[in-house]
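Trainee: Could you walk me through one chain of this model in detail, from its overall build down to its backbone oddities? I would like to see how its parts fit together.

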Amino acid sequence: MARVVIFGSLRAFTDGEGEMEIDAQTTRELLRKLATRHPALAETIDAGVSLAIDGEVFKEAWFTPIGPESEVVVMPLMVGG
Amino acid sequence: MKQDFKILGTRPARPDGLDKVTGKAMFGADKSVTGMLHARILRSPHAHAEIVSIDTSKAEALAGVKAVITGDDFADVESRWTRYTMQNCMAQGRALYDGHAVAAVAAISKTVAAKALKLIEVEYSVLPHVTDVDEAMAPGAPVLHEGVKARKLGDDVSGNTVGYYSFGHGNPETGFAEADEVIERTFKTAAVHQGYIEPHSCLADLGGDGRGELWCSTQGHYMVREVCSEILGIDASQLRVTASEIGGGFGGKTTVFIEPVALKLSQKAGKPVKLVMSREEVFRASGPTMSSSIDVKIGMSKAGKIKGAHAKLRYQGGAFPYQMVMMGAMSAFAAYDLEHVQAEGWDVMTNRPKMISYRAPGAPMAVYAVESVMDELCQKLGLDPIDTRLLNAAREGTKSSYGPTFKAIGLVEALEAAKAHPHYSAPLAPNTGRGVSCGFWFNFGGQVSVSMAINADGTVSLIEGNPDIGGSRASISMMAAEALGIEYDRIRTIVGDTASVGFSDVTDGSRVTFAVGIATINAAKAAIKEMCKRAAKIWEIDAEAVEWVDGAAQPTGHNAGDFPPMSLAEIAAISGKTGGPIAGHHEGAPDKAGVSFGVHMVDVEVDPETGFTSIKRYTAFQDVGKAIHPAYVEGQIQGGAVQGIGWALNEEYIYGEDGLLQNPGFLDYRIPVASDLPMIEPVIIEVPNPGHPYGVRGCGETAIVPPLAAVANGVAQAMGVRMFELPMSPPKILKAL
Amino acid sequence: MRYVVAKDSRDAVALLNTGENARLLAGGTDVLVQMKLGNKTPSLLIDIKSINGFSDIFAENGGFRIGAAVNGAEMGAHAALKAMWPGVVEAVELIGSTQVQGRATMVGNLCNGSPAADAVPAMLAAGAMARVEGPSGTRDMLVAELLKGPGQTKLGKAELISSIYLPARPEHSGDAYLRFIPRTEMDIAVASAGVNLVLDASGTVADATVALGAVAPTAVVVPDAAAALLGSKLGAQALEACAAACAAACSPIDDRRGTVEFRTKIAGVMATRAANIAYTRAGGQL
């Protein structure tokens, strides 16, 4: 089970739940399960999010593998400069 | 990771150099075709007004006028973000800022087009306006667009507040309680412009058959294609966009301002249309970066350990919803290893031009505020500014203030290099102060396509899809040469149009050398695999028994066969007989870009009688992972420092009470001139990025982040008084003295 | 629009007198920019560069006469002129960039009527005379008498300035010009000062003129600031009084380039610093 951390302002959409365990092999699976668990997050996930998996930041990469001991940080989608 | 390089780290002549110094390079405004029309745009003289009516009949009746358009000529689009872009290019219903486009004309000459503009009659009903971020965020402010307020925000902020973000961990209040010294300050920074020398320019030709050609100055021609084809309602495949040589972008050319207008005029007139912005139009109606209002509170122990940190960032991004304060909130405390930290940010709309990226968008002002308070704490506690930063510095394994845990990073290395540099121990003259600041940028990866052809004469033609704004044609050729094992000058890299190579994201986020580099190395691998296969066929051995060493195929060992190596040129020369052309290509979306930290140090002298600040000495240290072409890297670091100095000292968008921009030109919008600056000394630090085969990190953006606070901290030391507002122009400094 | 090359100054005056919307072209660094911006749309452009003598610097009665089409670079390259009136020459050399210096003229700077024109305070301090030619003949008048307001001069209908005369000067004299801008070049004065000093053998100021730019609708001569320097060797007290007199003479505007408060303060700083330079140039020991 990967440890999922919901970061900062996104917690407004998880009823304040900041950390949870989700069983997922890929980022796509993880985001689907997250949206089911917290429907308020679905809009944000659809609009795009960035994920930090064990410290590496990924942008919109559905099939990135997630290890059973991984830490996944869900952040707003990073755009820029 | 590869460490021993033959090509990387050398400084070959830049491929665009001769064309640029001889004037041969084709920029946006340099292209003309027979029969083309010239377009001009009519712009709002009001900060905020309802467009009651537009009468274009007199303009249309003028001889030589071939098309006139207004917002009514543009049909609605599905994506709200594209709609904002479209309505920024041409107002629909309301003019939202001084300079907002309300109509456009295409005519047989510039003179006729200018005359026609004067014949367009617009009836405005002036509405209340707001240009200041704090006023725009306050309840009761005139709201730019209804129904776009960020979710879950209360009545304490106005409907202009379109974004709210919060990052951090722990509880800052706990940290403040543990601290020996707590300082809280409020800062303001002005909106600034990227100041690229080349105005936005394009040549559009959209025929009645729905097929179009567009030539324009942009940081991303695929972005232009997608946005324009959606606005014009045509298929992406039918619109071919070619990126011209670009005279600077710095983030300012990552969207469209004029291209949909030129295409629509061309469609209506049935002729090619050239549209070139004047400098005044660039200032009034392209995309400057945000102005800000920021609170920062930091608590520190006597020994210099940061115990708690909290930032509140309020950014103003112009007349449409946008999302950029987030980057500021994520960057604010990125340099430090903190137990209790929170950074919050609010995106706010105002009656100003729609902001767009400017080099590390959102980060410089946030870091300015944080590093100013850091400096004040060091002063108050009698601590060395570099030692204190070292004590708190983020390093490998630090959980960053914005979430992820850092991999190998080079902040400590940069700080140590700064501390050991002779600049840091040089004596200071009277009225002179020395400022230091850290800076940070994320760097991006993203979508990329590269196509590489091995030519029969042993040379290589490489096509990438990202406009070259910082030397990427050189760095991509160098990485290809390194990967293939051939000489640099055997390769020519070009930026292909949207029909010649696959999709590529915009040139932004310091991503190109990193992402296109990875695609290039992978494309080279594919070509090498094919060349080894050809050699194997010729030698009649297994392909697995052939390896690529120093630019040639060779048997893996004596057991594999006893053949002299076949060079790339030798294999290429007979490729027609061994199976046809040899090429490699790669399409992907690499992540793991690797963040970049920098440390800047500056000596400033303040004239106590006039408030004039001069930069006496400037040294910039930056971790770039691996410098492919060090001269370009140094140029990036110097350029970022210079733009940051301008931001700190003189650059600002000045709006009057009437909401009109007072300084739309380089005379009164003061970017630094050469004589304002000493030579900026760049110091390259190389802590390889584990996410790139050659260790590359993006390097283009980090360097604009530290200068604001470095200069401000230097000024504070020189004057004995600290400034909390940028720019620190002479009248402000003299008043403070 | 018609473009005509005037043969002589009478021809230029006649063209100016046709009643057309005419503008003179010497260096063109103001008029061409105004035309490009659409602020000026003349129907007749009269080029005066080819008029005999307009591009020359003559020695005359111990001083120098500078033609209306002489550019800044030419003034800067004239060693004798520069030695006699370094303040005037340095003021002209501050206008624009190196490229602009190859075109811009001192007379054009005066006729453009900007309160912030760099050459004007220096000319006022120097007591420069303008030679005015018009339908009713030729007359010489002090540059100071030509100043009117932003974008204006007191030149009459169809009149032009054909040259500027910088007079001969006694021993132990020197002038200087300084301006304040927020950067180091390519800018317009926020406040400026021209100072002209004559010393006696002991180094005491025997005669002085102080003029300020960008702090009033026109450049202004400030007699009280000059009086403060008279009889002094530029001690702290004299300079302080000079600065105070400058501040009292200021009636600037608040705009994007500077505040009233800032301009008023800076005018005195520029004047006292220029005075120090002029004093040293006059052979005085500070």
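Mentor: Happy to; here is a close look at chain B, from the whole chain to one peptide bond. A word on reading the model comes before that: residues are numbered from 1 along each chain as its sequence is written, while chains are lettered from A and ligands numbered from 1 in the order in which they are written. The model is predicted, so local features need pLDDT of at least 70 and side-chain atom pairs count only at pLDDT 80 or more, whereas totals for chains, interfaces and linings use all residues.

Chain B holds 21 helices and 27 strands; these are DSSP runs numbered from the N terminus, with at least four residues (H or I) for a helix and at least two (E) for a strand. Its radius of gyration is 27 Å, close to the 27 Å that the globule rule gives for 737 residues, so chain B is as compact as a globular protein of that length. That radius is taken over C-alpha atoms, and the rule is 2.2 Å times the number of residues to the power 0.38. Along the principal axes, the C-alpha trace of chain B spans about 80 × 75 × 50 Å.

Of the 737 residues in chain B, 60% are buried, meaning that 20 or more other C-beta atoms, placed from the backbone, lie within 10 Å of a residue's own. Contacts, in turn, are pairs whose C-beta atoms, placed from the backbone, lie within 7 Å. Among those in chain B between residues at least 6 apart in sequence, 80% join residues at least 24 apart.

Now to the domains, whose bounds come from an automatic or database assignment. Chain B is divided into domain 1 (36-127 + 198-247 + 253-285), domain 2 (291-443 + 594-736) and domain 3 (445-588). The C-alpha centres of domain 1 and domain 3 of chain B lie 41 Å apart, and each of these two domains gives 13 residues to their contact. On the domain 1 side, helix H7 (221-232) and strand S11 (239-243) of chain B are the elements that give two or more residues. That side divides into 5 nonpolar, 6 polar and 2 charged residues; Ala, Val, Leu, Ile, Met, Phe, Trp, Tyr, Cys and Pro count as nonpolar, Asp, Glu, Lys and Arg as charged, and the others, Gly among them, as polar.

Last comes the backbone. Most peptide bonds are trans. A cis one, with omega about 0 degrees, joins B:Leu726 and B:Pro727. You will find B:Pro727 in the loop between strand S27 (725-726) and helix H21 (730-736) of chain B.

Note on methods: Buried ≥ 20, exposed ≤ 12 C-beta atoms within 10 Å, placed from the backbone.
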